[in-house]
Amino acid sequence: MTPLDDLESESIFILREVYARVPNLAMLWSLGKDSGVMVWLARKAFFGHVPFPAVHIDTEKKLPEMYAFRDHYAKEWNLRFVSGTCPPIEDMDPSLPPAARSAARKTAGLKAMVREKGYDGLIVGIRRDEEGTRAKERIFSARDSKGGWDVRGQKPEFWDQFNTEFPPGAHIRVHPLLHWTEIDIWRYIERENIPVVDLYFSKGGKRYRSLGDADITFPVDSDAATVAEIITELEHTKVAERSGRAMDHEAEDSFERLRADGYL
Amino acid sequence: MSNQRELFRIVVVGHVDHGKSTLIGRLFHDTGSLPEGKEEAIRATCERRGVPFEWAFLMDALQAERNQAITIDTAQIWFHSEARGYVIIDVPGHREFLKNMITGAASADAAVLVVDAVEGVREQSRRHGYLLHLLGIRQVSVVVTKMDMVGFDQQKFDAVEQEITAYLEGLGITPTYVLPVSGRDGDNIAEPGSNLAWYQGPTLLAALDQFDVVTEADDQPLRFPVQDIYKFDQRRILAGRVESGVIRVGDTILFSPVNKSAKVASIEGWNIASPQREAHAGQSIGITLDEQIFVERGAVASHEDRAPIETDVFRARIFWLGSESFKPGQSIGLKLMTSESTIELQAIEQIIDTGNLSVSPAGQIERDDVAEVVLRTPKPLALDAANDLPRSGRFVLTRNYEIVGGGLISMEGYADQRDLITVRSSNLTRVEHQVSASDRTIRNRHAGGVLWFTGLSGAGKSTLAIEAEKELFNRGYQVYVLDGDNVRNGLNTNLGFSPEDRAENIRRVGEVAALFAEAGVLVISAFISPYRSDRDRARLAAGDAFHEIYVEADLATCESRDPKGLYKRARAGEIEDFTGISAPYEAPAAPELVVDTAKSDIPSCVAEVVRYVEAVFPLRAE
Ligand SMILES: Nc1nc2c(ncn2[C@@H]2O[C@H](COP(=O)(O)OP(=O)(O)OP(=O)(O)O)[C@@H](O)[C@H]2O)c(=O)[nH]1
Ligand SMILES: [Mg+2]
């Protein structure tokens, strides 16, 4: 088996575990490359089907290309699509730096959705290599009744056995892509021929490496206009993936604060 | 497709503050693996905090970790050498976070054990070493770091090397390399540096490249645990991951512990070029069967001739992470492959001190203990001994929504019960007797039954049985003793004394005793019958007519009696698998009667048995 086969097999195993053990499930579909791969892996795991809703928490500030992508593939992939809304920025913790405060809207929208639908589990496409606190995550990661993450009290998890049970009121985040790196994602997109939003490909010397809200995400310098060129670029670059994400650079602790409160 | 490197997983372990995270940060820097701006960001963070530059901040990303200069939780980071790709796993060294150390280390292929040149080998250096061994990580290199703090002194290095090598060798681990470095300054990380001229071995980077890739052999027995059954469309698909061996279309596979077989009709997939004909260890697949047999999540498919063990009792070496202690008699959750069950701690055999590898008995298992135990499940599970097949021979324990430990299975002294599990077939119509049970009771003046004596060799079972038989016969009972002498020579001549044969011996005695009881006779069986599972099966065969009588006498008493000199021979190693010495005796949990031959003489024990019989099998008037 190649490293890509290993990753694919592990992700499928995780998706099947959560589907077997957690009753009311949803998958977060953020329209980016990672969650696209995650939907694809679900179709692999369940033989062409996605047996839980695909939830998009809409900040209403995504780029228009992303909305077009969403409408097209929700239909083509036969997804049970659910859209959630986010509260206005004025409702967010004013002590957060501006970009983090903007991102906190998504946490609030997410929590409202979990409450409303009574989800026991959310499948989320974060990866360890993106950011330092994500590097510390578990595959099955408990969230308390307020949706918070107890980063200092995480449960043990080993030998592919997961903490699949949790106290009433709590929910669980499941991270099937935790061990993938950015370049793995692109290699898999190439191998499986998975469609992604055009924004990832270079136009006029710039492309998006990571897609977030339009006002706090910026394209990076790049000439990579195809998946193969992106892979070659990543084999050599030393620029961090989230360098175009404003919220990562505002304060040392802003990302951790967001995540402890329930951000992805 | 673009070329991909193989990926090797390395965990960095060791005592708190010995320099693990620093070593990783420096390794990334010296191999040019840090993303742009990372070093500057760490420098700015350290300056803002008013502390000297810390390479450890690459891995220690949490605020609490940076505030306390300690790693709390495990993290992973990727890099590659010229030779191959790596996942480097950082773990905390503080004892408080041992659960996070296990979480990180359990998935590693090899380990780097970091020891501080100033402090030398400490408590967690040893405990981590022991746990690596328990987790099945056989390849270890030792890094003696902070050499800058001892003036790069070779003697200091040699002393640490000697101490850690001796400890690891006690575990059967020979370190691939023991190397001196300075994590802070980068000596001998990617480049040798000039301060360690006396050292001739590889740099850390070169040592990493020397670890061997471990590949799983295809010739292992097939284990395919069923994860789920899908019926999204017209196909009924059994989903799961092949844990060992190979599965092929057309194979006849046996599901345990349900004991049903079927043929693999197809291996299903989605978005694949051509249908798969076979699948190997590590692959997540789905299969369809030629027959719609009933199987559920938790069952394990194997080939019929290399099936897993089935048992409701086994030994294990466990590590306990629970904040509350684990005591004999307590039941908690168990996860083994995809099966889940409750499990009872039947006995603690010993606690292992990971500091000096000594063992001692204990009444309970405390947090961070490593213990050898006997565990019992309500129903038989399909499993393997960890030494034979690691992936189906290990399990985790759960309590209060949380994993609280893990363990490795050993079947030493315990039998595979697969062939003993008598399926009382429901479509076999039993002979309709024209003589009823009550007809027999009237003729014999009492109901039939089984008095099942159990106890150590030398406890007095046979003596008691023979005396009780005479006494009861004289009072008018139809009574007969089954013991080794009249059973081993005929019915069971083909059986030896291995755990399997002992279990089969008892199974047959149990079935024969049940027939005697049905025939209206009071039968006394006098066998050591050391295993609870075997006695429970005998009880199942005879139903309500079964009475378990524990002929109690402690091991020391039995050994001092030693009527046939067997204990002496067992102690001398002349008899293998001798109950109480080299094989287990499991005392009954809830016997109907206990007679203690160490405290009372034989006549009073006989009287007790007779009194019991007269109460539960009263003689009718003629
Ligand atoms: N002089 C010197 N100091 C070092 C060296 N390596 C680590 N240190 C210092 O030792 C302290 C502990 O280092 P860490 O890397 O955090 O230790 P650790 O083993 O990761 O600790 P835990 O993860 O908390 O168990 C820090 O202050 C480091 O700067 C070294 O090679 N030389
Ligand atoms: Mg550390």
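The exercises below, each with a worked solution, concern a predicted model.

**Exercise 1. Describe the overall build of chain B: its secondary structure, its span, its burial and its contacts.**

Step 1. Start with the secondary structure: chain B has 15 helices and 26 strands.

Step 2. Take the span from the C-alpha trace, which covers about 105 × 65 × 40 Å along the principal axes of chain B.

Step 3. For burial, chain B holds 622 residues, and 55% of them are buried.

Step 4. For contacts, consider those in chain B with a sequence separation of 6 or more: 73% of them join residues 24 or more positions apart.

**Exercise 2. Characterise the interface between chain B and chain A by its residues, its buried area and its polar links.**

Step 1. Count the residues on each side: chain B contributes 78 residues to the contact and chain A contributes 61.

Step 2. Give the area. About 5800 Å² is buried between chain B and chain A, and carbon and sulfur atoms supply 56% of that. On the chain B side, the residues that lose the most area to chain A are Phe232(B), Trp270(B) and Tyr401(B), which together make up 14% of what that side buries.

Step 3. Count the polar links. Nine salt bridges run between chain B and chain A, and 31 residue pairs are in polar contact, both residues being at pLDDT 80 or more.

Step 4. Locate the chain B side in the fold. Strand S21 of chain B (residues 402–410) gives the most to the side that touches chain A, with six residues. By class, that side of chain B has 31 nonpolar, 25 polar and 22 charged residues.

**Exercise 3. Which residue of chain B forms a salt bridge with Glu17(A), and is Glu17(A) buried or exposed?**

Step 1. Place Glu17(A): this residue lies in helix H1 of chain A, residues 3–21.

Step 2. Find the partner. Glu17(A) forms its salt bridge with Arg297(B), and the closest N and O atoms are 3.0 Å apart.

Step 3. List the surroundings. Leaving out residues up to four places away in sequence, Glu17(A) touches Phe140(A), Phe162(A), Gln227(B), Arg297(B) and Thr338(B).

Step 4. Apply the cut-off. The relative accessible area of Glu17(A) is 4%; a residue counts as buried under 20%, so Glu17(A) is buried.

**Exercise 4. Which residues coordinate the magnesium ion (ligand 2), and where do they lie in chain B?**

Step 1. Identify the donors: Ser21(B) through OG and Thr71(B) through OG1, at 1.9 to 2.0 Å.

Step 2. Map them onto the chain. Ser21(B) is in helix H1 (residues 20–30) of chain B, while Thr71(B) is in the loop between helix H3 (63–68) and strand S2 (75–80), so the pair ties together parts that are 50 residues apart in sequence.

Step 3. Check burial. Ser21(B) is buried at 7% relative accessible area, and Thr71(B) is buried at 8%.

**Exercise 5. Set out the sequence separation within three salt bridges: Glu165(A) with Arg21(A), Asp93(A) with Arg257(A), and Glu504(B) with Arg508(B).**

Step 1. The salt bridge of Glu165(A) and Arg21(A) has an N to O distance of 2.4 Å. Glu165(A) sits in the loop between strands S5 (140–143) and S6 (171–174) of chain A and Arg21(A) in helix H1, 144 residues apart. Glu165(A) is partly exposed, at 41%.

Step 2. In the salt bridge of Asp93(A) with Arg257(A), the closest N and O atoms are 3.5 Å apart. Asp93(A) belongs to the loop between strand S3 (81–85) and helix H4 (98–117) of chain A, and Arg257(A) to helix H7 (residues 254–260), so this pair ties together parts 164 residues apart in sequence. Asp93(A) is partly exposed at 37%, as is Arg257(A) at 35%.

Step 3. Glu504(B) and Arg508(B) come within 2.7 Å, closest N to O. Both lie in helix H11 (residues 499–518) of chain B, four residues apart, about one turn of the helix. Both are buried.

**Exercise 6. Where in chain B do the cis peptide bond of Pro257(B) and the positive phi values of Asn271(B) and Ser529(B) lie?**

Step 1. Recall the background: most residues other than glycine have a negative phi, and most peptide bonds are trans.

Step 2. The cis bond joins Ser256(B) and Pro257(B), with omega about 0°. Pro257(B) is in the loop between strands S10 (252–256) and S11 (260–268).

Step 3. Asn271(B) has phi near 55° and is found in the loop between S11 and strand S12 (278–280). Asn271(B) is partly exposed, at 40%.

Step 4. Ser529(B) has phi of about 35° and is placed in the loop between strand S24 (522–526) and helix H12 (532–542). Ser529(B) is buried, at 2%.

How values were computed:
Residues numbered from 1 in each chain as written. Chains lettered and ligands numbered in written order. Predicted model: local features only at pLDDT ≥ 70, side-chain atom pairs only at ≥ 80, totals over all residues. Heavy atoms only, no water. Contact = heavy atoms within 4.5 Å. Buried area = accessible area lost by both parts, 1.4 Å probe. Salt bridge = Lys/Arg side-chain N within 4 Å of Asp/Glu carboxyl O. Polar contact = N/O pair within 3.5 Å; in protein donor to acceptor, adjacent residues only side chain to side chain. Helix = DSSP H or I, 4+ residues; strand = E, 2+ residues; numbered from the N terminus. Nonpolar A, V, L, I, M, F, W, Y, C, P; charged D, E, K, R; others polar. Donors = N, O, S within 2.8 Å, 3.2 Å for Na, K, Ca; no water. Buried < 20%, exposed > 50% of the residue type's maximum accessible area, 1.4 Å probe, protein only.
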